[in-house]
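Q: I would like a close look at the aromatic residues of this model and at how their rings are arranged with respect to one another. Please take the parts in turn and keep the reasoning visible.

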Amino acid sequence: PPSSQNNEQGSTLRDLLTTTAGKLRLGSTDAGIAFAPVYSTGTASGKSGRTMPNILDDIIASVVENKIPPNRAPKINVKSEIKEEPKDDKKSIQDDCSKRYSDIQYSWICDKHVLWLRDHKNTNNWKLFKECWKQGRPVLVSGMHKKMNFSLWKAESISLDFGNQQADILNCKDSIISNTNVKEFWDGFEDVSKRQKVKNGETALLKLKDWPSGEDFKTMMPARYEDLLRSLPLPEYCSPEGKLNLASHLPGFFVRPDLGPRLCSAYGVAATKDHDIGTTNLHIEVSDVVNILVYVGIAKGNGVLSKSGVLKKLEEEDLDDLLRKRLKDSSELPGALWHIYAGKDADKIREFLQKIAKEQGLEVLPEHDPIRDQSWYVNKKLRQRLFEEYGVKTCTVIQFLGDAIILPAGALHQV
């Protein structure tokens with residue numbers, strides 16, 4: 001609009017109505033009016049063309065002209081109309097939640113960045129989860145294994161039922177993938193002496209890559225599939241039939257993301273000498289993810305850390321006090337170490353990893369994306385540099401047996 005009309009651009013619908021009241025006239029053909037009357041093109045009167053103004057316009061015009069003088073600017077109390085955003089989101093959410101959800105057992109961990117729901121049976125969990133999910137924060141729900149048939153998820157049980165199947169097995173040390181018998185993987189899951197050896201004689205760190213997945217999971221493992229569905233945390237969001245699981249209700253003409261489920265199994269890094277590698281490199285998922293730790297194997301054999309050795313290794317991490325307390329609880333069994341980053345830090349992390357690649361003399365191609373390519377596990381030394389040089393802090397979470405970690409789409413993570 002011309003600059004002379006700028007004072008008439010209302011910030012609210014009420015403002016818009018009142019500031020244009022004087023110009024609004026029924027039947028006007030002035031192109032400058034705020035609400036041009038809508039005309040019917042019917043021929044009930046036997047004549048073509050425009051007839052009486054639409055009744056809605058008539059009502060609007062009548063109300064606006066009769067109630068507010070056209071030459072008087074409206075007084076609008078903006079504060080009463082617009083709720084001010086809290087300055088400290090974390091503090092306001094926590095204070096509000098402690099009052100509204102006193103019946104739910106929960107804590108905040110990782111510098112108040114992750115919500116920990118401690119009672120998986122509480123049917124009101126989803127209400128608090130919703131408040132946290134609005135902020136795009138990860139959520140941890142513990143104790144899911146208590147709802148499951150534990151015998152179905154033992155390594156020996158899966159090996160017995162599906163050992164003759166072929167699958168892609170990834171060696172996490174050199175990223176070489178081989179198609180081999182599943183039994184070979186499971187035989188070495190808790191017995192290091194039965195694991196593959198690489199060229200230099202070291203034990204291979206293997207990962208059974210997303211086997212089985214999606215419909216294959218449902219077809220191959222119907223009992224385990226049903227057991228998993230019965231045990232999902234926050235079923236309103238996580239169950240395929242959940243009323244708030246929007247992705248599963250998309251119409252058929254949409255290309256849906258792979259919603260799984262898929263089984264992710266890997267040997268523990270604690271059983272190797274090299275603690276600068278992971279079984280899942282830093283990456284982003286395109287959909288929200290729930291990851292449940294259904295089984296933790298205790299490896300035996302030469303060179304394997306004892307349970308106390310594993311705990312000591314984990315205690316060297318930058319951990320929340322509540323996670324350190326869980327480590328000291330003999331009834332808890334730690335199984336996976338997660339490092340999580342907010343999606344808003346993706347560009348900084350990408351720039352950092354490209355910088356490190358150049359420092360190490362690696363070729364950085366224009367089309368190379370270190371996050372998309374899943375080519376990095378950010379070790380402890382690099383995590384410290386990432387914080388010091390880019391201000392990006394790592395959220396460190398230990399996943400214990402039965403823990404469900406729920407991540408929003410776009411969150412970066414490695415395991």
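To begin with one residue, does F189 count as buried or exposed?

A: In this predicted model, F189 counts as buried, because its relative accessibility is 12% and the cut-off for burial is under 20%. Its ring pairs with that of F185, another buried residue, whose relative accessible area is 0%. The centres of the F185 and F189 rings lie 5.9 Å apart with their planes at 55°, so the pair is classed as tilted, given that edge-to-face is reserved for planes over 60 degrees apart. F185 and F189 also belong to a wider arrangement, since ring pairs link them with F150, W186, Y267 and Y295 into a cluster.

The structure holds 14 aromatic pairs, and one of them, formed by F162 and W211, is edge-to-face, with 6.2 Å from centre to centre and 75° between the planes. F162 lies in helix 6 (residues 155-162), whereas W211 lies in the loop between strand 6 (206-208) and helix 8 (214-220), so this pair ties together parts that are 49 residues apart in sequence. Both partners are buried: F162 has a relative accessible area of 9%, and W211 has one of 8%.

Aromatic rings also take part in another kind of arrangement, in which a charged side chain is placed over the ring. R118 lies over the face of W116, at 5.7 Å from the ring centre, and the charged end of K243 sits over the ring of W126, 5.1 Å from its centre.

For the surroundings beyond the rings, one may turn to a sheet and a helix. An open sheet of four strands runs in the order 8-13-10-11, with antiparallel pairing. Strand 8 (283-284) and strand 11 (395-400) stand at its edges, each with a single partner strand, so one side of each is left without a neighbour in the sheet. Strand 11 pairs with strand 10 (residues 334-341) in the antiparallel sense over six bridges, and in this pairing H339 stands opposite T396 of strand 11. Strands 10 and 11 appear again in the setting of helix 11, because they are included, together with helix 12 (321-327), in what covers the buried residues of that helix. Those buried residues of helix 11 (residues 307-315) are G309, L311 and L314.

Definitions and conventions. Residues are numbered from 1 along each chain as its sequence is written. This is a predicted model: local features need pLDDT of at least 70, side-chain atom pairs count only at pLDDT 80 or more; totals for chains, interfaces and linings use all residues. Side-chain values use heavy atoms; hydrogens and water are left out. Two strands pair if DSSP finds at least two bridges between them. Helices (H or I, at least four residues) and strands (E, at least two) are DSSP runs, numbered from the N terminus. Rings of Phe, Tyr and Trp (its six-membered ring) pair if their centres lie within 6.5 Å; planes under 30 degrees apart count as stacked, over 60 as edge-to-face and the rest as tilted. Buried means under 20% relative accessible area, exposed over 50%, partly exposed in between (1.4 Å probe, protein chains only). A charge sits over a ring if NZ of Lys or CZ of Arg is within 6 Å of the ring centre and within 35 degrees of the ring normal. Contact means heavy atoms within 4.5 Å.
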